[in-house]
Amino acid sequence: DLTFAFSADFFNAFIQTGFKRNYYKKIELSDGDSISLSKSPLIYVDKNKVARMKLAFTQKVTGLSALAVRNPVRVEIDLILATKIDATKNTVALVVDDIDMDTVKVESNNFIWPFKGTGVRMAKQHVEDARKNMKGYVLSDELPVPTDLMGISLQLATTTFDANGYLLFH
């Protein structure tokens with residue numbers, strides 16, 4: 001048996017390079033809307049050994065609701081991540097398991113008085129509504145994990161996370 005350990009920083013370096021090259025600065029959503037990332041996404045492993053991705057993005061509000069908003073609305077969330085092994089291709093995908101609603105941050109100064117409280121609640125509800133569509137969303141269909149060692153094929157069996165911020169591939 002063999003285990004590879006990769007720091008979350010290893011994956012963050014790839015993500016940050018892609019962000020700097022604007023590969024995914026603007027993300028189209030399934031409902032026709034789009035979000036614009038305001039910072040590079042950050043993968044980390046929390047104290048409960050759960051992989052997460054911190055996202056900070058903006059979204060432009062349109063229609064009648066735009067009258068109560070200082071566009072674009074700034075939002076921060078944590079995605080809870082999971083890995084999915086495809087045994088036929090011997091690859092590991094990174095997928096969204098859920099959105100941690102306790103981490104959703106929407107600043108009230110995004111909204112014009114007297115709509116501050118209502119605007120924050122509506123923005124959080126918008127994230128809650130998107131939650132079911134995000135479950136199972138594939139962020140990367142092939143993580144850069146070795147599949148052979150000096151010509152000897154390796155079969156990935158499981159993945160785990162440790163409290164030191166490492167993603168372990170067994």
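Visitor: Is aspartate 100 buried or exposed?
Guide: First, this is a predicted model, where local features need pLDDT of at least 70, side-chain atom pairs count only at pLDDT 80 or more, and totals for chains, interfaces and linings use all residues. Residues are numbered from 1 along each chain as its sequence is written, and side-chain values use heavy atoms, leaving out hydrogens and water. Buried means under 20% relative accessible area, exposed over 50%, and partly exposed in between (1.4 Å probe, protein chains only). Aspartate 100 has a relative accessible area of 14%, so the word for it is buried.

Visitor: Which residue meets aspartate 100 in a salt bridge of 2.8 Å, N to O?
Guide: A salt bridge is a side-chain nitrogen of Lys or Arg within 4 Å of a carboxyl oxygen of Asp or Glu. The partner lies in strand β5, while aspartate 100 is in strand β7 (residues 91–106), 48 residues apart; strands are DSSP runs of E, at least two residues, and helices are runs of H or I, at least four, all numbered from the N terminus. At 2.8 Å, the side chain meeting aspartate 100 belongs to arginine 52.

Visitor: Which aspartate in strand β6 pairs with arginine 52?
Guide: Arginine 52 counts as buried, at 12% relative accessibility. The partner's strand is β6 (residues 73–86) and arginine 52 sits in β5 (residues 51–59), so the pair ties together parts that are 26 residues apart in sequence. The closest N and O atoms are 3.8 Å apart, and the partner is aspartate 78.

Visitor: Which residues are linked with Arg52, Asp78 and Asp100 in a network of salt bridges?
Guide: By the salt-bridge rule the count comes to 8. Arg52, Asp78 and Asp100 belong to a network, and its other members are Asp46 and Lys54.

Visitor: Why do the buried residues of α1 lie on the same side?
Guide: Helix α1 (residues 8–20) reaches 18 Å from its first C-alpha to its last, close to the 18 Å expected (1.5 Å times one less than its number of residues). Its buried residues are Ala8, Phe11, Asn12, Ile15, Gly18 and Phe19. They share a side of α1 because of the arc they cover around the axis (taken from the directions from the helix axis to the C-beta atoms), only 120°.

Visitor: Which exposed residues sit on the other side of α2 from its buried ones?
Guide: The buried residues of α2 are Gly119, Val120, Ala123 and Val127. They cover an arc of only 100° around the axis, which puts them on the same side of α2. On the other side, the exposed residues are Arg121, Met122 and Lys132.

Visitor: Which β1 side chains point to one face and are buried?
Guide: In a regular strand the side chains alternate between the two faces of the sheet. Along β1, Ala5 and Ser7 point to one face and are not buried; pointing to the other, and buried, are Phe4 and Phe6.

Visitor: Which residue in β12 stands opposite serine 7?
Guide: Strands pair if DSSP finds at least two bridges between them. Here 4 bridges join β1 to β12 (residues 166–169), and the two run antiparallel. Opposite serine 7 in β12 stands tyrosine 166.

Visitor: How many helices and strands does the protein have?
Guide: Along the sequence, the pattern reads β-α-β-β-β-β-β-β-α-β-β-β-β-β. That secondary structure comes to 2 helices and 12 strands.
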